[in-house]
Amino acid sequence: MKTSIRRSRRAAVAVALGSVLALTATACGDDGSGAAGDKGDEGSGKGTITFWDNNGGVRTDIWKQIIADFEKKNPDIKVKYVGIPAASAQSKYDTAIQGGGLPDVGGVGTAVLAEVAVQGALEPLDSRLKSSSLNGKLSQNLLDVSKSAGGGDTLYQIPTSANNGTLWYRTDLFKAAGLDAPTTWSKFYAAADKLTDKAKNKFGFTIRGGEGSIAPALDAVYGQTGITSFWNGDKTTVNDPKNVAALAKYVGLFKKDTPSADLNNDFTKMVAQWDSGTIGMLSHNLGSYQDHLKALGADKFKGIPNPTLDDGTRVQISNPVDGLSLFKSSKNKEAAWKFIEFAVSAAENSKYNESAGQVPANTDAAGAAWIQKSEPTELAAAALNGASTKIVQLPYYLPDWNTISKADNEPNFQKLLLGKVTAKEFLDTLADQLNKAQADWKKNH
């Protein structure tokens with residue numbers, strides 16, 4: 001069944017590529033359909049452009065504010081807003097790539113960026129950014145994530161925002177136990193042990209064993225070893241002996257310093273469990289801040305970026321990055337690009353991310369007053385924008401990535417927690433699947 005899923009994904013991309021080639025070969029000129037293969041035009045820089053919001057409903061209000069600001073400053077340009085629910089954004093783009101009707105500009109996250117780009121639908125943005133007012137104003141780490149997720153060295157997405165791995169910890173429990181903040185992995189493990197008292201149903205940490213378990217596990221692994229690349233040539237580093245040892249230590253916390261219920265906990269259950277007040281630490285992202293604030297109050301917890309090595313070295317995996325893409329079929333690329341530049345300017349990018357609760361891609365926006373009032377976000381922004389932060393780029397560009405990291409290996413991670421497989425066996429299986437997917441990608445691209 002799993003092999004069939006992977007073959008189906010590869011087949012879908014292959015069919016899409018074939019259709020793109022056919023469109024390109026037969027087109028005698030622009031037909032206004034807005035399908036992949038259309039060359040589009042720079043246009044007059046005036047008129048109406050269409051914008052697809054890939055998180056419609058959730059972000060509709062803030063995008064309408066940004067659009068109103070843009071139209072006030074650019075009265076010769078009107079923006080038609082189309083909100084698309086996040087769950088259907090990929091299929092909506094795929095349908096329009098084949099049948100026409102693509103927007104001028106749209107939200108395209110890194111999780112789907114490569115599959116949209118490989119179908120010839122997106123305009124390369126490197127030269128536009130180089131001559132733009134945004135040049136030098138965007139987080140280099142996030143730009144690197146965008147390029148990697150696009151499948152190569154070409155920029156197909158201007159990043160708008162990112163989440164970041166956050167270690168939430170109970171300041172009241174740490175103070176009572178005489179513990180320092182868990183800023184390093186050594187302090188993290190020491191705190192997990194000291195805060196655990198099974199007889200009183202108190203635990204030092206809650207580990208994610210259910211849906212979504214692979215990314216936080218990889219974050220902990222690479223963060224502990226300091227390995228900074230996901231690939232060594234054409235082979236993945238996930239099963240490097242150092243990573244094997246780090247994963248074994250991390251999963252060794254299960255049922256020793258964590259609740260046994262963690263085996264099946266997704267982020268919703270894990271967050272609720274931590275907010276109940278008997279667990280010292282939780283690894284999640286910035287998105288759960290309001291839940292913690294409501295449950296615990298501002299004086300009982302803090303959020304910091306995931307721990308560093310003892311020497312202060314920070315290594316973390318790439319989190320999904322949201323951003324804006326310019327579609328190649330647009331008949332008014334000049335106006336569409338003006339909208340992107342405006343939306344990611346310091347003031348508007350700050351406004352957007354204050355609403356979304358995420359880290360701005362514009363480094364000037366990272367100094368906004370609302371961020372200074374939110375310590376977890378301020379620290380996350382400093383980590384993401386910091387020159388000393390090393391980001392391990394996950395292969396979002398692989399068509400098989402979601403299947404491998406979810407359907408194939410979340411059940412295997414539960415077996416690992418239960419001791420039915422070793423850390424080496426788990427990572428060797430993961431590595432074999434990734435190496436095959438990478439070889440397939442390189443063969444076809």
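**View A. Asp 364 is partly exposed, with a relative accessible area of 44%.** The model shown here and in the other views is predicted. The side chain of Asp 364 forms a salt bridge with that of Lys 137, at 3.2 Å from N to O. This pair links distant parts of the chain, since its two residues are 227 residues apart. Asp 364 sits in the loop between strand 13 (359–360) and helix 15 (369–372), while Lys 137 sits in the loop between helix 5 (126–130) and helix 6 (140–149). Lys 137 counts as partly exposed because its relative accessibility is 34%, which lies between the 20% limit for buried and the 50% limit for exposed.

**View B. A salt bridge joins the side chains of Lys 442 and Asp 234.** The N to O distance is 2.9 Å. Here too the pair links distant parts of the chain, with the two positions 208 residues apart in sequence. Lys 442 belongs to helix 19 (residues 423–444), and Asp 234 to the loop between strand 7 (231–232) and strand 8 (235–236). Lys 442 is partly exposed, at 45% relative accessible area. Asp 234 is also partly exposed, at 41%.

**View C. Lys 351 and Glu 348 form a salt bridge within helix 14.** Their side chains meet at 3.8 Å, N to O. The two residues are separated by about one helical turn, because they are three residues apart in helix 14 (residues 346–356). Which of the two is buried, and which is partly exposed? Glu 348 is buried, with a relative accessible area of 8%. Lys 351 is partly exposed, with 27%.

**View D. Four residues are linked in a network of salt bridges.** The members of the network are Glu 42, Glu 123, Arg 128 and Lys 333. In total, the model has 15 salt bridges.

**View E. The second largest pocket holds about 180 Å³ of space.** Its lining is made of 13 residues, and the closest to the centre are Leu 173, Leu 195, Asp 197, Lys 202 and Thr 278. Two elements, helix 7 and strand 9 (279–285), each give two or more residues to the lining. The largest share, three residues, comes from helix 7. What kinds of residue make up the lining? Six are nonpolar, four are polar and three are charged.

**View F. Ala 177 lies in helix 7 and touches residues further along the chain.** Helix 7 covers residues 171–177. Leaving aside neighbours within four places in sequence, Ala 177 is in contact with Lys 194 and Leu 195. Ala 177 and Leu 195 are 18 residues apart in sequence, and their C-alpha atoms are 7.3 Å apart in space. Leu 195 also appears in View E, among the residues closest to the centre of the second largest pocket.

**View G. The protein chain has 19 helices and 14 strands.** Its C-alpha trace spans about 75 × 50 × 35 Å along the principal axes. The radius of gyration is 23 Å, which agrees with the value near 22 Å that a compact globule of 445 residues would have. Buried residues make up 56% of the 445 residues. Among contacts between residues at least 6 apart in sequence, 77% join residues at least 24 apart.

Key. Residues are numbered from 1 along each chain as its sequence is written. This is a predicted model: local features need pLDDT of at least 70, side-chain atom pairs count only at pLDDT 80 or more; totals for chains, interfaces and linings use all residues. Side-chain values use heavy atoms; hydrogens and water are left out. Helices (H or I, at least four residues) and strands (E, at least two) are DSSP runs, numbered from the N terminus. Contact means heavy atoms within 4.5 Å. Buried means under 20% relative accessible area, exposed over 50%, partly exposed in between (1.4 Å probe, protein chains only). On a 1 Å grid over the protein atoms alone, a cavity is a set of points where a 1.4 Å probe fits but cannot get out, and a pocket is an open set with protein on both sides within 12 Å along at least five of seven lines; lining residues have an atom within 4 Å of a point. Grid points are joined across faces, edges and corners, and a volume is the space filled by probe spheres set on the points. Ala, Val, Leu, Ile, Met, Phe, Trp, Tyr, Cys and Pro count as nonpolar, Asp, Glu, Lys and Arg as charged, and the others, Gly among them, as polar. The radius of gyration is taken over C-alpha atoms; the globule rule is 2.2 Å times the number of residues to the power 0.38.
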